[in-house]
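Colleague: I should like to learn how to read the features of a protein model. May we take them one at a time?

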Amino acid sequence: MELPSMPAGESLLPAGEMVQLRSRLRRMTQRHDLASVIACAFDHRTRMLPFIYTDLKMVPAGVRAIGAALADIGCEKTRIVLQQWNKNFRPSQMRLDGRIPDLFLVSSMHLHSEACDKLIQDACRIEPDRRPLIIAGGPRMMYEPWQVFGSDPSQPWGADVAVTGEEYVFLSLLEVLLNHRARGESMRSAFLRARDQGALDGIRGLVYSRSSCDDGPAEELVDTGIQRLLGDLDELPHPVLGYGMLEPPGRGEALSASALPASRVRKHCIVSSLVLTLGCRFRCSYCPIPAYNQRQYRQKSGERIADEMRRIAESFGIVTFFGADDNFFNDPPRTLQIVETLARKAREHGRPFCKIRWGTEATVHDTLRMRDHLRVVRESGLTALWLGVEDLTGSLVKKGQDKNKTLEAFRALRENGIQPIPMMMHHDSQPLVTLRSNYGLLNQLQTLRSAGALYTQITMLTPSPGSKSYESMYESGQMIHKVDGRAVAPHIIDGNYVVASEAKRPWAKQLNLLAAYAFFYNPLRMFVALFASRSRIAYSTNDTRPLEETRKYSFSRRIRRRMYLAARAHLVDAGVQLFGMYGLIHTARRTLAWAWHLRRGRIERCTEVPVSRIPMRGVDGGAADHAIPGTPQSSGGSRIRLVQLGRKRAA
Ligand code: B12
Ligand code: SF4
């Protein structure tokens, strides 16, 4: 099910609304000494190609954004704990400023569900009267907020509230809670009162539980509806604030005395992901992004992006960025506004802009629309572009790509010094190899490699919550429920494992994925790359150091520098091959066992879509916006009982 949109004209918040909310909160927080811990759930079993390494070396933008929002309103006593760096962290052991924090926030993607639930369950072990308010958010909650509310009456656990939206929703919640909070009262108690008085019902983008006793199991979930989106992303708090509150990597269960010093951030985080634009005008059936964005395309201005990059580079030494864009070239005039600003800064200001390198995602079709502007795109620092090619023949999905267009886009990018990185999607009807066509997976990879692809991503078509085809993949029996008695766990629903397939031999599909990676990254290709490198493209030997600086070098130093730059540009291809092989070992280590189970074990298939077991409803008693059809809806009776309970508590 795709998420519904607000009625036309109401999807976006009025301009300035976010700025006003932030300044109101800044005044309010002076009277509250809040301490918060934000944890990013991460399941280490998900570490494999194509994201191995980046997954640990890039602080996720979601937790950083929530941390920045708290710092921006004056709540500087905040710590961001990444399970990527702190595997053993236990919320029940956390102390910040010598006390249990007031807020415990958890962010999670769907594939990290088990880690996320464990964090919440552990936080629930804290005695009820000292327990922080538990708020869950992130991509998992955007589509499946009910998952963070336990439904087992014998072991009640759960977040107090799930945020299905972005910073604005979280800050609006905080505003209501701080308004309700009495002196010395815990945030959780303020939350329970606000909830029972119906004060949360006006904040779109929340799902909270109700039960007949505060620490009992959730009896119903109330969904306050689809969020309103922030249109002008310049109104967001500055991301640089989030880097000052990171928990240093470690093995302990508790928190360190102080956050990671600024001088050590770059050692652990070499790439900074930044929100530049959000949204995409295509509507691929397996993708939840357009509906999540309510068909809106939102962006930051070039000046704002330049300022974010500059401050992060100057404060933390990070000069490599990744745009969290869904389709950066979606709207060429807006894209040009961003890249022209960055290119001008690089020309006129020297450091740090001339050192900045970044990558992002776009479609083949839109890359071709931007063909005449790719030079300025490169001058803005963009050196790598992830392209959603999926299938060169366009049989799986049509978004304006085919073999010729893809090759044309590759050529245009490389001529302008940008490395194209194809993202491929394998599916049931695609064979591994074909003889006379370009349909086979290996055939397509060979075409793309010959066209200059250095790196690639190959995933299997997998149901994605919030997408159009999500339910049909379950209802058609394509989605696997158990293999050999083993349930399909969330950490393997990531596109790297075959968990949805009608193929007679799904294990062969799993091996196809490995074969495809092994075909792309192998010692032979690495050897060839040492002589016929594909990484030596336009601008690849250019110096990123400012001209004024290199002019001062002696003649021999200049020659040495030139040789170094030429060697580096040449060897990148072989280096990427080596890295790919290292990633492949991890991928094979993890996925081969699954292929074996698929081969040997009995495959049980899903017959229905997983829905919330806890009844859900909207604030007006109607259907909840985030409930998948088939979700039980709370009865009027229990609602009345709970409303009465709320009134009693309020009195
Ligand atoms: C960059 C990115 C990555 C990077 C992440 C690197 C990193 N460490 O940050 C890389 C390339 C490694 C990656 C990998 C994968 N990714 Co990815 N990725 C993205 C992308 C494009 C941007 C993420 C981002 O930074 N967004 C910007 C931040 C600010 O947004 P956000 O995280 O949603 O956070 C906001 C809200 O959710 C909320 N929020 C977040 N946390 C919290 C917490 C609280 C308490 C509150 C109140 C609010 C809140 O506020 C934030 C600010 O607005 C998104 C798509 C998108 N545009 O969001 C997909 C996305 C997150 N990825 C996705 C997927 C599926 C994957 C992979 C499984 C793909 C694969 N097949 O391998 C892997 C998983 C790897 C792993 N082991 O974890 C899915 C997740 C779907 C889901 N429902 O969980 C997304 C949403 C794309 C999609 N299909 O819709 N990804
Ligand atoms: S082009 Fe990419 S972001 Fe846009 S709908 Fe298709 S898969 Fe999603």
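**Reading pockets, ligands and sheets**

Modeller: By class, the lining of the second largest pocket divides into 18 nonpolar, nine polar and seven charged residues. Please keep in mind throughout that this is a predicted model.

Colleague: What is the volume of the second largest pocket, and which residues are closest to its centre?

Modeller: The volume of the second largest pocket is about 1,100 Å³. Its lining consists of 34 residues, and W146, Q147, P610, V611 and R613 are the closest to the centre. One may then turn from residues to elements: α4 (113-123), α16 (470-475) and β17 (480-483) each give two or more residues to this lining.

Colleague: Which element gives the most to the lining of the second largest pocket?

Modeller: That element is α4, with four residues. At the level of domains, the lining draws at least three residues from domain 1 (17-231 + 626-650) and at least three from domain 2 (270-600).

Colleague: Let us go on to the ligands. Which residues come nearest to ligand 1?

Modeller: There are 35 residues around ligand 1, and those that come nearest are S107, H110, E167, D326 and D494. By class, this shell holds 22 nonpolar, nine polar and four charged residues.

Colleague: Which polar atoms of the protein lie 3.0 Å, 2.7 Å and 3.4 Å from a nitrogen atom of ligand 1?

Modeller: When reading such a contact, one asks whether the protein atom belongs to a side chain or to the backbone. For T46, a polar side-chain atom lies 3.0 Å from a nitrogen atom of ligand 1. For S107, which is among the residues that come nearest to the ligand, the distance from a polar side-chain atom to a ligand nitrogen is 2.7 Å. In the case of G138, a backbone N or O atom lies 3.4 Å from a nitrogen atom of ligand 1. Two or more residues of the shell come from each of α3 (61-72), β4 (103-107), β5 (133-137), α5 (139-143) and α6 (167-180). Of the elements, α3 gives the most, with four residues.

Colleague: Where does ligand 1 lie with respect to domain 1 and domain 2, and why?

Modeller: Ligand 1 lies between domain 1 (17-231 + 626-650) and domain 2 (270-600), because both give residues to its shell.

Colleague: Which residues surround ligand 2?

Modeller: Ligand 2 is surrounded by C280, C284 and C287, together with F282, P290, D326, T363 and K399. These divide into five nonpolar, one polar and two charged residues. D326 deserves a second look, for it is also among the residues that come nearest to ligand 1.

Colleague: How should I read a sheet? What is the order of the strands in the open sheet of seven strands?

Modeller: One reads the order of the strands, then their direction, then the edges. The order here is β2-β9-β12-β13-β14-β15-β16, and the pairing is parallel. At the edges stand β2 (58-59) and β16 (457-460); each has a single partner strand, so one side of each is left without a neighbour in the sheet. Between β2 and β9 (residues 271-274) there are two bridges, and these strands run parallel. Within β9, S272 is the bridge partner of V59.

Colleague: In the open sheet of three strands, is the pairing parallel or antiparallel?

Modeller: The pairing is antiparallel, and the order is β18-β17-β19. The edge strands, β18 (486-487) and β19 (603-605), each pair on one side only. Two bridges join β17 to β18, and K482 stands opposite A487 in β18. The strand β17 also appeared earlier, among the elements that line the second largest pocket.

Colleague: Lastly, which peptide bonds are cis?

Modeller: One reads this from the angle omega. The bond from L49 to P50 is cis, with omega near 0°, and P50 is placed in the loop between β1 (36-40) and α2 (54-57). The bond from R351 to P352 is also cis, with omega near -5°; P352 is found in the loop between α11 (332-349) and β13 (357-362).

Colleague: What is the value of phi for Y53, and where does this residue lie?

Modeller: Phi of Y53 is near 90°, a positive value in a residue other than glycine. Y53 lies in the loop between β1 and α2, where P50 is also placed.

Conventions
Residues are numbered from 1 along each chain as its sequence is written. Chains are lettered from A and ligands numbered from 1 in the order in which they are written. This is a predicted model: local features need pLDDT of at least 70, side-chain atom pairs count only at pLDDT 80 or more; totals for chains, interfaces and linings use all residues. Side-chain values use heavy atoms; hydrogens and water are left out. A residue is near a molecule or strand if one of its heavy atoms lies within 4 Å of it. A polar contact is a pair of N or O atoms within 3.5 Å; within protein, one must be able to donate a hydrogen and the other to accept it, and residues adjacent in sequence count only if both atoms are side-chain atoms. Ala, Val, Leu, Ile, Met, Phe, Trp, Tyr, Cys and Pro count as nonpolar, Asp, Glu, Lys and Arg as charged, and the others, Gly among them, as polar. Domain bounds come from an automatic or database domain assignment. On a 1 Å grid over the protein atoms alone, a cavity is a set of points where a 1.4 Å probe fits but cannot get out, and a pocket is an open set with protein on both sides within 12 Å along at least five of seven lines; lining residues have an atom within 4 Å of a point. Grid points are joined across faces, edges and corners, and a volume is the space filled by probe spheres set on the points. Two strands pair if DSSP finds at least two bridges between them.
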